[in-house]
Amino acid sequence: MSETADRPAHIVVMGVSGSGKTTVGEALAAALGWRFVEGDSFHPPRNVEKMAAGHPLDDADRRPWLEALAAEIAKDDAAGRSSVIGCSALKRSYRDILRSGAPDVRFLHVHGDRTLLAERVSHRPGHFFPAALLESQLATLEPLGPDERGVVVDIAAPVAEMVAEARADFGL
């Protein structure tokens, strides 16, 4: 499953807020020499305002955001560039949208204990996502299906260990 010279690969680092998608994604991208895409930066202002006000996004809110990320994956794929994308990708239907961007999209699910997640979310001053929305994300989360190309790593592990596990499991 490793990247070949003629076929780029794309890994979406998925999970709820506070799971470490950006930290793990940046470290994985650096280790692989791939581009990192911060999914949060693709949210339309309306979504950011809604979350900052303490309201969870619904499927209609998420669709344009996910389509923009799929288009970014497609752009990188067409340019022959592999990428790592940080995106919650909570539902299979959301992951289906992301997979539409390129033929080789895989998922690295950074997942862990609810208590640790809540602690992490509460210690992110200035982030638009309030800690109160964590429960709505956990309720929405659909784990990777057995037919989805992906790996689950525990957020309690050191970042270097999560990156090494992902690389080994993905053959990178």
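Begin by selecting helix 1 and helix 7 in this predicted model, where helix 1 passes helix 7 in a right-handed crossing. To see which residues make that contact, display the side chains of T23, V24, A27, L28, A31 and L32 on helix 1, together with V159, M162, V163 and R167 on helix 7. Coloured by class, the contact of helix 1 with helix 7 shows eight nonpolar residues, one polar residue and one charged residue.

Keep both helices on screen, helix 1 covering residues 21-32 and helix 7 covering residues 159-170, and turn the view until their axes can be followed; these axes come within 9 Å and cross at roughly 60°. Since an angle counts as roughly parallel under 35 degrees and as roughly perpendicular from 65 to 115, helix 1 and helix 7 are therefore oblique to each other.

Next, select strand 4, residues 105-111, and ask how many of its seven residues are buried. Six of them are, so strand 4 is largely enclosed by the rest of the structure.

With strand 4 still selected, add strand 1, residues 10-14, which pairs with strand 4 in the parallel sense over five bridges. A useful place to centre the view is M14, which stands opposite H109 in strand 4.

Then add strand 5, residues 150-154, which runs parallel to strand 4 and is joined to strand 4 by five bridges. Here the residue to pick is H111, which stands opposite D154 in strand 5.

As you follow the backbone along these strands, bear in mind that in a regular strand the side chains alternate between the two faces of the sheet.

Note on methods
Residues are numbered from 1 along each chain as its sequence is written. This is a predicted model: local features need pLDDT of at least 70, side-chain atom pairs count only at pLDDT 80 or more; totals for chains, interfaces and linings use all residues. Side-chain values use heavy atoms; hydrogens and water are left out. Axes are lines fitted to C-alpha atoms, for helices over the stretch in contact, and angles run from 0 to 180 degrees between N-to-C directions. Helices (H or I, at least four residues) and strands (E, at least two) are DSSP runs, numbered from the N terminus. Angles under 35 degrees count as roughly parallel, over 145 as roughly antiparallel, 65 to 115 as roughly perpendicular and the rest as oblique. A crossing is left-handed if the near helix is turned anticlockwise from the far one by less than a right angle, and right-handed if clockwise. Contact means heavy atoms within 4.5 Å. Ala, Val, Leu, Ile, Met, Phe, Trp, Tyr, Cys and Pro count as nonpolar, Asp, Glu, Lys and Arg as charged, and the others, Gly among them, as polar. Buried means under 20% relative accessible area, exposed over 50%, partly exposed in between (1.4 Å probe, protein chains only). Two strands pair if DSSP finds at least two bridges between them.
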